[in-house]
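Work through these short exercises on charged side chains. Keep the sequence and the model open beside you.

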Amino acid sequence: MNQAYELLPPEFYRMPTLELARSLLGCLLIKETEEGIASGYIVETEAYKGPGDRAAHSYGNRRTKRTEVMYREAGRAYTYTMHTHTLFNVVSAGIDEPEAVLVRAVEPHEGVLLMEKRRSGKKPRDWTNGPGKLTKALSITMDDYGRLLTEPPLYIAKGYIPDDISCGPRIGIENSGEAREYPWRFWVKGNRYVSR
DNA sequence: AAAGTGATAACCT
DNA sequence: GGTTATCACTTTC
């Protein structure tokens with residue numbers, strides 16, 4: 001159960017956002033709750049590069065209650081509610097550099113029974129193959145907003161090194177002008193849990 | 001492929 | 001106090 005996960009150090013999150021998005025692939029995202037531990041390997045991410053990125057919530061240095069945490073140091077959780085779903089991002093870059101990496105999909109690892117319960121009635125690959133789905137499967141909520149990802153109950157640990165990584169345009173940002181063309185989405189090639 | 005859903009917060013009167 | 005937009009998902013045609 002409580003195996004020896006090797007947590008990623010705070011320094012890990014300080015690399016450039018695009019690099020971080022790629023480096024997070026294969027890492028383990030872990031959430032501890034009263035019900036137990038659930039974790040999954042990150043298999044799909046998207047980079048959002050702050051002020052110059054029309055698709056980012058922090059475009060033009062928009063600073064609000066919601067985006068506030070992106071202006072803090074790297075390695076914190078930026079959770080965001082959309083419709084009925086919670087989305088999970090990893091804050092990157094430095095203080096006053098509002099950049100982040102959206103985790104779009106994970107591959108179930110530990111706590112499969114919990115995920116099945118939380119996503120009842122769904123097929124295994126529908127448990128975590130989308131940004132709103134994985135948060136439900138891992139029980140990530142707005143309570144996790146601003147939390148450091150280097151300590152329980154929500155943290156990221158070393159996983160495996162993916163053999164093959166692909167990149168392409170991001171998803172769900174049609175209304176963002178030219179920014180939607182940028183190949184800032186990364187995923188593990190061939191992995192079944194990648195969305196779309 | 002398309003419509004319906006419906007939480008939060010910004011941006012208007 | 002109402003309107004609009006948002007880094008989706010589910011169900012239904």
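A residue counts as buried when its relative accessible area is under 20%. The model is predicted.

**Exercise 1.** Decide whether Arg 104 is buried or exposed.

Solution. Step 1: take its relative accessible area, 7%. Step 2: set that value against the cut-off of under 20%. Arg 104 is therefore buried.

**Exercise 2.** Find which side chain forms a salt bridge with Arg 104 at 3.1 Å, and locate both residues.

Solution. Step 1: the partner is Glu 44, and the distance runs from N to O. Step 2: a salt bridge needs these atoms within 4 Å, so the pair qualifies. Step 3: Arg 104 sits in strand 5 (residues 99–108), Glu 44 in strand 2 (residues 36–48). The two are 60 residues apart, so the pair links distant parts of the chain. Step 4: Glu 44 has a relative accessible area of 0%, so this residue is buried.

**Exercise 3.** Work out how Glu 46 fits in.

Solution. Step 1: Glu 46 forms a salt bridge with Arg 104, with the closest N and O atoms 3.6 Å apart. Step 2: Glu 46 lies in strand 2 and Arg 104 in strand 5, 58 residues apart. Step 3: Glu 46 is buried, at 0% relative accessible area. Step 4: salt bridges link Glu 44, Glu 46, Arg 104 and Arg 185 in a network.

**Exercise 4.** Locate the partners of the salt bridge between Lys 31 and Asp 144.

Solution. Step 1: their side chains meet at 3.0 Å, N to O. Step 2: Lys 31 is in strand 1 (residues 28–33). Asp 144 is in the loop between helix 3 (131–138) and strand 6 (150–151). Step 3: the two are 113 residues apart. Both are buried.

Technical notes:
Residues are numbered from 1 along each chain as its sequence is written. Chains are lettered from A and ligands numbered from 1 in the order in which they are written. This is a predicted model: local features need pLDDT of at least 70, side-chain atom pairs count only at pLDDT 80 or more; totals for chains, interfaces and linings use all residues. Side-chain values use heavy atoms; hydrogens and water are left out. Helices (H or I, at least four residues) and strands (E, at least two) are DSSP runs, numbered from the N terminus. Buried means under 20% relative accessible area, exposed over 50%, partly exposed in between (1.4 Å probe, protein chains only).
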